[in-house]
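Colleague: Could you take me on a close look at the sheet in this model, strand by strand, together with the helices that pack on it? I would like the cut-offs along the way, please.

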Amino acid sequence: MRTVVVCGNPKAGSRTLTAAVTTAELLAQAPVDQVVDVTTLGPGLLGWGDPTVQQAVADVASADLLVVASPTFKATYTGLLKLFLDQFAGGEGLRGVTAVPLMLGAAPGHALAADLLLKPVLSELGAAVPSPGLYLIDREAEAQGADTPALAAYVERWGATVRATASAGRGPRATWASSRTS
């Protein structure tokens, strides 16, 4: 199973990224194959056709299991992550990919953000999202890592379902970015 992490935190190497990698490794029961730290893609995200961004899109579209992570900004995921997700063809860009939406925040007040805001976008792009989104308190995730109670409970409850869906796939994969030119 090919496992990929996408992190939409504007800070490279963030605790969001660390939590996403930990989550992906626990869900897959194996090391992550690739990490796309979106902030490293730079200004190529602002248009269409940048080769580095196109390669990142192709790499993400080839995942069996994808963890998409963002800190909670203004009660939703970051604009940086939105710029990256806009590069995928609607309904097709993540076909065959099993995705897990993950969001981190400072307090439980935005605990539904992963389900209400990030999960629908991943579904719209064609991903299978067989489990609820995961919300972690950022300081707890940083301090406790794989032992974070919310993460451990999530993996216990949803790990087998996510792995089974990722192993089954959902038909041919999209390997190209959106053809929009504007």
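Modeller: Happy to; here is the sheet first, then its helices, then a few backbone details.

This is a predicted model, so local features are described only at pLDDT of at least 70 and side-chain atom pairs count only at pLDDT 80 or more, while totals for chains, interfaces and linings use all residues. Residues are numbered from 1 along each chain as its sequence is written, and side-chain values use heavy atoms, with hydrogens and water left out. The predictor's confidence in each residue, pLDDT, runs from 0 to 100. For the protein chain its mean is 90, and 93% of the residues reach 70 or more. Residues 170-182 stay under 50 in pLDDT, and the model has 32 contacts for them beyond four places in sequence; a contact means heavy atoms within 4.5 Å.

Now to the sheet. It is open, with five strands in the order 2-1-3-4-5 and parallel pairing. Strand 2 (34-37) and strand 5 (134-137) are at the edges with a single partner strand each, so one side of each has no neighbour in the sheet. On average, neighbouring strands are turned by 20° against each other, direction ignored. Helices (H or I, at least four residues) and strands (E, at least two) are DSSP runs, numbered from the N terminus. Two strands pair if DSSP finds at least two bridges between them, and axes are lines fitted to C-alpha atoms, for helices over the stretch in contact, with angles from 0 to 180 degrees between N-to-C directions.

Strand 3 (65-71) is a good place to start. Strand 1 joins strand 3 through five bridges, and the two run parallel; here Cys7 stands opposite Ala69 of strand 3. Strand 3 also pairs with strand 4 in the parallel sense, over seven bridges, and the bridge partner of Ala69 in strand 4 is Leu102. Leu102 in turn stands opposite Leu134 in strand 5. Strand 4 (residues 98-105) and strand 5 pair in the parallel sense over four bridges, and Gly105 has Ile137 of strand 5 as its bridge partner.

How are the faces of these strands covered? Buried means under 20% relative accessible area, exposed over 50%, and partly exposed in between (1.4 Å probe, protein chains only). In strand 3, seven of seven residues are buried: Leu65, Val67, Ala69 and Pro71 on one side, and Leu66, Val68 and Ser70 on the other. Both faces of strand 5 are covered too, with Leu134 and Leu136 buried on one side and Tyr135 and Ile137 buried on the other.

Helix 1 (residues 15-28) lies across strands 1, 2, 3, 4 and 5, and runs at about 155° to strand 3. Ten of its 14 residues are buried, so helix 1 is largely enclosed by the rest of the structure; among them are Leu17, Val21 and Leu27. The expected span of a helix is 1.5 Å times one less than its number of residues. For helix 1 that gives 20 Å, and the end C-alpha atoms are 20 Å apart, which agrees.

Helix 4 (residues 113-124) has twelve residues and reaches 16 Å from first C-alpha to last, close to the 16 Å expected. Ala113, Ala114, Leu118 and Leu122 are its buried residues. Seen down the axis of helix 4, they fall within an arc of 70°, so they line one face of the helix; that arc is taken over the directions from the helix axis to the C-beta atoms. They pack against strand 3, helix 3 (79-85), strand 4 and strand 5, whereas Leu116 and Glu124, on the other side of helix 4, are exposed.

Last, the backbone. Most residues other than glycine have a negative phi. Gln29, although not a glycine, has a positive phi of about 60°. Gln29 sits in the loop between helix 1 and strand 2 and is exposed, with a relative accessible area of 59%. Ala75 also has a positive phi, near 75°; Ala75 lies in the loop between strand 3 and helix 3, where it is partly exposed at 33% relative accessible area. Just after helix 4, Gly126 takes a positive phi of about 100°.
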